[in-house]
Amino acid sequence: MRFIYPAIIRKTESGTFRADFPDLEDCHAEGDTLDEVLDNANEAAASWISVELEMEGHLPPLSEEADLPLQDGDIVRNICITMRMTDGWDE
């Protein structure tokens, strides 16, 4: 199953990058480069979704890009997470 959530990527004062998922409470990632923060954001979202599905069994709705709290210089990337939902199923 695929899940897609927007991440807001912002350059920090120290020159690194931070990605925040406005739809996934307390889910964020950091990295020294844009590529690194995207990789880390993918891992963070996958972990968040996995835990949420185990505990609650449902996920929050997806925000529209126009509704995101953006600042000048922010980058919005849709992060796609593919998860196996059934043990023993081969993709």
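## A walk through a small predicted fold

N78 is part of strand 4. Keep in mind as you look at this residue that the whole model is predicted. Is N78 buried or exposed? Its relative accessible area is 56%, and the cut-off for exposed is over 50%, so N78 counts as exposed. This residue also shows how a chain can fold back on itself: N78 and P6 are 72 residues apart along the chain, yet their C-alpha atoms are separated by 4.2 Å.

**The overall layout**

Now step back and view the whole protein. There are 1 helix and 4 strands. Reading from the N terminus, the order of these elements is β-β-β-α-β. If you draw a box along the principal axes, the C-alpha atoms fill roughly 45 × 25 × 20 Å. The chain has 91 residues, and buried ones make up 31% of them.

**The nonpolar core**

Which residues touch the most other members of the largest nonpolar core? They are Y5, F21, L24, I49 and I79, out of 21 residues in that core. Several elements contribute: strand 1 (2–11), strand 2 (17–20), helix 1 and strand 4 (75–82) supply at least two residues each. Helix 1 gives the largest share, with 7 residues.

**Salt bridges**

Let us turn to charged side chains. How many salt bridges are there in the model? The count is 3, and the table lists each pair with the distance between its closest N and O atoms.

| Pair | Closest N and O atoms |
|---|---|
| R10 and D74 | 2.6 Å |
| R18 and D20 | 3.1 Å |
| R18 and E30 | 3.3 Å |

Start with the pair R10 and D74. R10 sits in strand 1, while D74 sits in the loop between helix 1 and strand 4, so their salt bridge ties together parts that are 64 residues apart in sequence. The two partners have their own levels of cover. R10 has a relative accessible area of 28% and is partly exposed. D74, at 16% relative accessibility, counts as buried, because buried means under 20%.

The other pairs both involve R18. This arginine bonds with D20 in one salt bridge and with E30 in another. Why does the pair of R18 and E30 link separate parts of the chain? R18 belongs to strand 2 and E30 to strand 3, so this salt bridge ties together parts that are 12 residues apart in sequence. Through shared partners, R18, D20 and E30 join into one network.

How covered are the members of this network? R18 is partly exposed, at 27% relative accessibility. D20 is partly exposed too, with a relative accessible area of 24%. E30 has a value of 48% and is likewise partly exposed.

**A patch of negative charge**

Finally, look at the surface. Which residues gather in a patch of negative charge there? They are D32, D35, E36, D39 and E43. One of them, D32, is found in the loop between strand 3 (28–31) and helix 1 (34–55). Its relative accessibility is 52%, and since exposed means over 50%, D32 counts as exposed.

Notes: Residues are numbered from 1 along each chain as its sequence is written. This is a predicted model: local features need pLDDT of at least 70, side-chain atom pairs count only at pLDDT 80 or more; totals for chains, interfaces and linings use all residues. Side-chain values use heavy atoms; hydrogens and water are left out. Patches are made of residues with over 30% relative accessible area and no salt bridge: like charges are joined within 9 Å, nonpolar side chains (Val, Leu, Ile, Met, Phe, Trp, Tyr) within 5 Å. Accessible areas come from the Shrake-Rupley method with a 1.4 Å probe; for residues, only the protein chains shown count as cover. A salt bridge is a side-chain nitrogen of Lys or Arg within 4 Å of a carboxyl oxygen of Asp or Glu. Lys and Arg count as positive and Asp and Glu as negative; His and the chain ends are not counted. The place of a charge is taken as NZ of Lys, CZ of Arg, CG of Asp or CD of Glu. Buried means under 20% relative accessible area, exposed over 50%, partly exposed in between (1.4 Å probe, protein chains only). A nonpolar core is a set of buried Ala, Val, Leu, Ile, Met, Phe, Trp, Tyr and Cys residues joined through side-chain atoms within 4.5 Å.
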